[in-house]
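Hi there,

Here is the structure I promised to pass on. Have a look at it first, and then read my notes underneath.

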Amino acid sequence: MKVSITVNGTKQSHEVEPRTLLVHYIREHAKLTGTNIGCDTSSCGACTVHLDGEAVKSCTILAAQVDGGSVTTIEGLAVNGEMHPMQKAFMENHGLQCGYCTPGMVMAAIDLLQENPSPTEDEVRLGLEGNLCRCTGYHNIVKSVLAAATK
Amino acid sequence: MSITEERKTSVLGTRMLRREDPALLTGEAKYTNDLAIPGALHLAVLRSPYAHAKIRSIDTSDAASMPGVVAVYTGKDLLSSWAAPMPCAWPVTPDMKNPAHYPLAVDKACYVGDGVAAVLATSDAAARDALDAIDVVYEPLAAVTDLEAALRDETIIHESIGTNKSYTWNLKVEAKEGAVDEAFKNAAYTVHERYVQQRLIPMAMEPRAVAVVPQPFGGDITIYSATQIPHILKVMTAITAGIPEHQVRVVAPAVGGGFGSKLNVYAEELLCVALSRKHGAPVRWVEERTENTQATIHGRGQIQHIELAADKDGRLTAVRVRLIGDMGAYLQLVTPGVPLLGAFLYAGVYDLPQAYDFSCTSVFTTMTPTDAYRGAGRPEATYAIEVAMDALARKMKIDPFELRQRNYIKREQFFDAKGNQTGYTAFHGLNYDSANHLAAAQKATEIADYAGVRKKQAQQNVPGARKRLGIGMTSYFEMCGLAPSRVLASLNYGAGGWESATVRVLPTSKVQVVTGTSPHGQGHETSWAMIAAEKLGVAPEDVDVLHSDTAIAPLGLDTYGSRSLAVGGLAIAGACDKVIDKARLIAAHQMECAAEDLQFDKGVFSVKGSPEKAVPIAAIAFAAFTAHNLPDGVEPNLEAQYTHDPKNFSWPFGTHVCVVEVDTETGKVDVLKYVAVDDCGNQVNPLIVEGQVHGGVVQGLAQALYEEAVYDSDGNLKTTNLAEYLVPAACDVPPITTDFTVTPSPTNELGVKGIGEAGTIGAASTVMNAVIDALAGLGVTHLDMPASPNNVWKAINAAQGGKQ
């Protein structure tokens with residue numbers, strides 16, 4: 001079947017199997033590999049992207065369901081070669097180590113601040129509940145998000 | 001900053017942001033499964049649903065005819081592809097039993113997840129679809145999941161060895177024969193504790209992935225793998241697949257965490273190698289998370305008996321340890337060595353006389369093989385001694401911090417009578433390089449307000465109180481920086497412990513550092529550039545760091561065991577010294593002076609006493625490149641390779657303190673405060689050091705509170721995904737207060753020690769001591785990990801005589 005999805009501002013159409021998950025569409029059809037796959041139970045959040053402006057785990061939705069929609073991935077955040085403030089905050093606060101959870105974590109964190117621009121530390125921790133990281137112990141991720149909230 | 005400007009301040013010890021981050025933050029970084037490999041066939045592996053079963057027959061015909069399927073193979077089909085079984089590099093004893101283990105099981109499956117057949121297809125989906133069409137007839141056999149029962153050999157897993165026991169390894173050190181028994185006989189206090197180190201699933205966020213690209217006519221192959229050990233994988237592939245080593249290139253692209261789980265040579269890597277050669281086409285495989293929980297190694301898995309003998313003041317007089325190690329179904333790369341890495345540490349940071357009796361018996365079970373997981377043997381050892389110390393303090397009715405202070409190895413014991421820093425030679429003969437345990441402990445307890453918490457606890461933990469306060473601590477000593485090659489030889493390890501580096505100054509004075517370490521989140525590119533910049537007096541941004549490709553970095557022993565800085569970083573420093581030595585000869589020739597009259601400081605050679613006569617290393621690099629005017633006997637170009645074999649392990653240490661509140665009605669544990677004071681000697685980049693401690697602590701805390709690979713009695717893994725295996729999320733863990741003492745290692749030029757595993761080594765016992773401390777007043781003296789609400793509630797209920 002054919003789906004048309006706007007990815008990072010560019011509308012594209014692809015022929016896909018009906019069972020194609022959005023994350024596979026992004027990685028294999030749109031050829032954007034920044035969105036990672038970390039589990040098969042929608043638990044880890046590594047594949048989090050923005051769909052029509054809101055964070056979704058792209059393994060929980062079929063590409064077909066997104067037909068006509070607009071997706072932003074980690075590759076779509078930088079503007080004119082300048083990283084998004086959340087990306088910068090992660091860098092400045094050592095909010096990543098191996099980087100595998102990072103794209104999803106950054107997308108989730110941006111969504112969190114859209115909903116709650118000045119969260120408390122507890123609200124950040126709770127808000128990122130759906131995104132797992134094995135390297136950082138979350139300490140510097142939380143610090144990064146709180147720092148981004150002040151910008 | 002250009003190379004010729006004088007740098008005023010040191011680069012080492014600064015909180016430099018990581019150069020790795022922009023690529024990782026923007027999706028630019030390529031992990032193995034991100035690589036575009038045209039024409040690649042996809043591998044999928046059919047895995048045994050039984051823990052222990054004979055394979056009666058496998059019918060692959062239906063699968064082979066499915067759309068997109070190229071071929072289907074069984075273990076028997078591929079047996080002739082292997083020159084040797086899968087490697088175990090650590091035969092810990094001469095009589096260790098190591099049954100042959102092939103990438104696909106041949107006659108029987110020995111754990112749920114054991115590969116029994118492989119499909120190659122034109123897409124990953126087609127390959128996985130075809131797995132369902134393979135018809136395997138199994139004859140199920142009894143599962144073996146209980147370590148003590150396994151030792152009774154009622155069900156033998158590997159008939160070829162006739163027993164489930166793999167080996168027994170002993171470390172008995174007595175000042176005179178019978179010293180241990182004597183000490184226990186004369187002890188004022190003894191404790192005998194039994195602890196279970198539950199199996200853990202390492203769960204790196206990136207599942208494993210591999211892609212092998214062959215050159216069908218040239219014979220070379222390139223292996224791209226999500227591995228910590230490209231160099232070891234190269235050697236082992238040559239041996240196992242029978243390919244000349246010089247025709248094997250291994251690349252570890254961006255790797256999404258390892259924690260030991262990617263310190264291995266895996267069946268799927270070898271299957272991709274063999275099948276890519278058979279089909280003359282690239283073959284790739286990516287692991288699903290459910291597969292990861294079954295087919296990637298597990299960690300821990302020990303039953304520990306520890307006995308302490310102490311005199312009337314609580315000073316330790318003997319330690320006796322009996323371990324049973326759960327090897328799982330087969331020995332993977334360093335499976336049998338993991339308990340040995342802890343064997344020297346069951347007296348922890350304490351000044352024990354020569355009265356130590358350690359013995360480990362390791363046993364096969366029908367579960368996923370175990371192997372190194374963050375800390376590997378040392379968190380287990382630290383847990384045993386530190387939780388047992390609290391038990392001893394309870395028995396003596398003294399504060400556990402007081403008991404520790406009576407036993408710490410003292411700072412002055414690391415110096416001889418003349419004040420020379422000789423290190424402390426422990427009862428077993430290993431030399432602890434440097435430490436000040438009391439200082440770290442005082443700092444940690446002050447930050448955590450130990451005395452204040454004790455006061456509050458006395459007020460809060462009254463009879464009937466629902467929420468009880470507890471405080472726990474751990475003082476640890478870690479044996480890492482693996483390792484002096486001669487010591488590894490004495491432990492029968494199959495390789496050395498050196499690390500290699502090449503440093504070259506390019507004609508335009510930019511610097512390339514080539515390292516044999518293979519980072520997967522540790523920020524080596526940043527830290528190694530800092531070391532070379534400091535040594536050569538150049539700007540860190542002028543230094544590039546190359547790694548993780550055996551064609552670019554042919555020599556190396558990779559990244560594990562907190563070795564990268566303590567061994568690999570020193571190799572870089574040594575290579576820089578050789579570069580400087582060579583540059584000095586060229587500078588002296590240019591300046592018409594003797595080499596020994598030149599001093600080198602901040603990137604500039606100058607004549608001692610006449611600083612106006614100076615030449616920067618940049619100019620020397622260009623002169624070495626043009627080679628127009630070099631002294632006789634000096635080769636062109638400015639490059640040097642150095643291999644560092646450490647003189648000693650590195651011995652980081654520290655004290656962690658944790659404060660918890662336990663809800664006695666629900667059994668839920670809330671961590672109110674976690675303080676880690678670690679000492680890894682001099683720090684190259686404190687930002688990265690803190691990050692390593694945060695992550696390490698949370699992995700240890702997760703063992704204490706959340707994680708456990710649960711098997712049922714039929715050998716089925718019940719925790720096969722991230723919904724069932726509780727890797728904590730941000731809301732499940734506290735902020736971590738990190739602080740440090742700095743006791744440089746005297747055994748290396750940089751004064752550094754490792755930090756990658758320290759947090760994990762200190763954390764589990766710290767949290768458990770706090771939880772038990774909270775509940776001690778209710779009669780709880782023992783609690784199995786994880787201290788889940790269920791386990792805590794049951795312990796309280798049992799202590800209260802089932803009345804709750």
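Below is what I found, going from the contact of the two chains to the domains and then to a pair of helices.

Please keep in mind that this is a predicted model.

Let's start where the chains meet. Chain A brings 44 residues to the contact and chain B brings 41. On the chain A side, four helices each give at least two residues to the surface touching chain B: α2 (85-92), α3 (102-115), α4 (121-127) and α5 (139-149). Sorted by class, that side of chain A holds 23 nonpolar, 15 polar and 6 charged residues.

Now to chain B by itself. Its domains are domain 1 (21-29 + 498-644), domain 2 (39-141 + 207-255 + 262-295) and domain 3 (436-479 + 648-799). The centres of domains 1 and 2 of chain B lie 40 Å apart, and 13 residues of domain 1 are in contact with 14 residues of domain 2. The domain 1 side of that contact is made up of 4 nonpolar, 7 polar and 2 charged residues.

Finally, a helix pair in chain B. Helix α16 (residues 524-536) packs against helix α17 (residues 564-591) at about 35 degrees, and 9 Å separate the two axes. Their crossing is right-handed. If you want to find the contact on screen, the α16(B) residues include B:Trp528, B:Ile531 and B:Leu536, while those from α17(B) include B:Leu565, B:Ile572 and B:Val579. The contact of these two helices counts 9 nonpolar, 4 polar and 1 charged residues.

Happy browsing, and best wishes!

Key: Residues are numbered from 1 along each chain as its sequence is written. Chains are lettered from A and ligands numbered from 1 in the order in which they are written. This is a predicted model: local features need pLDDT of at least 70, side-chain atom pairs count only at pLDDT 80 or more; totals for chains, interfaces and linings use all residues. Domain bounds come from an automatic or database domain assignment. Two residues are in contact if their C-beta atoms, placed from the backbone, lie within 7 Å. Ala, Val, Leu, Ile, Met, Phe, Trp, Tyr, Cys and Pro count as nonpolar, Asp, Glu, Lys and Arg as charged, and the others, Gly among them, as polar. Axes are lines fitted to C-alpha atoms, for helices over the stretch in contact, and angles run from 0 to 180 degrees between N-to-C directions. A crossing is left-handed if the near helix is turned anticlockwise from the far one by less than a right angle, and right-handed if clockwise.
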